[in-house]
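Welcome, and thanks for taking a look at this one with us. Here is a short briefing to read alongside the model.

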Amino acid sequence: MASNRGHGGIQQLLAAEQEAQHIVAAARNAKMARLRQAKEEAEREIAEHRAQVEREFQRKLAESSGDSGANVKRLEQETEVKIHHLNAGAEKIQYDVVQMLLKHVTTVKN
């Protein structure tokens, strides 16, 4: 009877070990499934963020290129005004500069 009871105990241990293996396998499978799900969620969030950043970049690029036409016109106008002022200033002192140069060129020093 003792051997019968010992044999039953071994059967219980084997059954408990199999059950533990099933529980561990199920936990491992659940963990892998959760990791796959987390990876998919992360990839989806990354794609959404990347798309949002790209949209923002394109918007800013469109805004800055729209302004560049206005900036070019403004800079051209400012340049024209500066050139006009420089030409006017040159005309005012042109006669004096020519006279000064003639004086220095024609003066003979010993």
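**A briefing on the chain**

Glu78 and Arg74 join their side chains in a salt bridge, with N and O 3.0 Å apart. Please keep in mind that this is a predicted model. The secondary structure amounts to 1 helix and 0 strands, and the helix, α1, covers residues 2-106.

**Salt bridges**

- The structure holds 2 salt bridges.
- In the pair described above, Glu78 and Arg74 sit 4 residues apart in helix α1, so about one helical turn separates them.
- Glu78 has a relative accessible area of 35%, and it is therefore partly exposed.
- Its partner Arg74 is also partly exposed, because its relative accessible area is 39%.
- Glu56 makes a salt bridge with Arg59, and the closest N and O atoms of this pair are 2.3 Å apart.
- Both Glu56 and Arg59 belong to helix α1, where they are 3 residues apart, about one turn of the helix.
- Glu56 counts as partly exposed because its relative accessibility is 34%.
- Arg59 has a relative accessible area of 38%, so it too is partly exposed.
- As general background, side chains of opposite charge can pair when their charged atoms come close.

**Overall shape**

- The radius of gyration of the chain is 45 Å, whereas a compact globule of 110 residues would have one near 13 Å.
- Along the principal axes, the C-alpha atoms fill a box of roughly 145 × 45 × 10 Å.

**The annotated region**

- An unreviewed UniProt entry lists residues 25-59 as "coiled-coil region".
- In the model, residues 25-59 are 100% helix and 0% strand.
- The C-alpha atoms at the two ends of residues 25-59 are 51 Å apart.
- Arg59, the salt-bridge partner of Glu56, is at the end of the range that the UniProt entry gives, residues 25-59.

**Surface and exposure**

- Of the 110 residues in the chain, 0% are buried.
- The chain exposes about 10500 Å², and carbon and sulfur atoms supply 59% of that area.
- Ile93, Val97, Met100 and Leu101 together make a nonpolar surface patch of about 360 Å².
- One of these patch residues, Leu101, lies in helix α1.

Technical notes:
Residues numbered from 1 in each chain as written. Predicted model: local features only at pLDDT ≥ 70, side-chain atom pairs only at ≥ 80, totals over all residues. Heavy atoms only, no water. Patch = residues over 30% accessible without salt bridge, like charges linked within 9 Å, V, L, I, M, F, W, Y side chains within 5 Å. Areas by Shrake-Rupley, 256 points an atom, 1.4 Å probe, with all protein chains shown as cover. Salt bridge = Lys/Arg side-chain N within 4 Å of Asp/Glu carboxyl O. UniProt positions renumbered as here; feature names shortened; annotations may be inferred. Buried < 20%, exposed > 50% of the residue type's maximum accessible area, 1.4 Å probe, protein only. Rg over C-alpha atoms; globule rule 2.2 N^0.38 Å.
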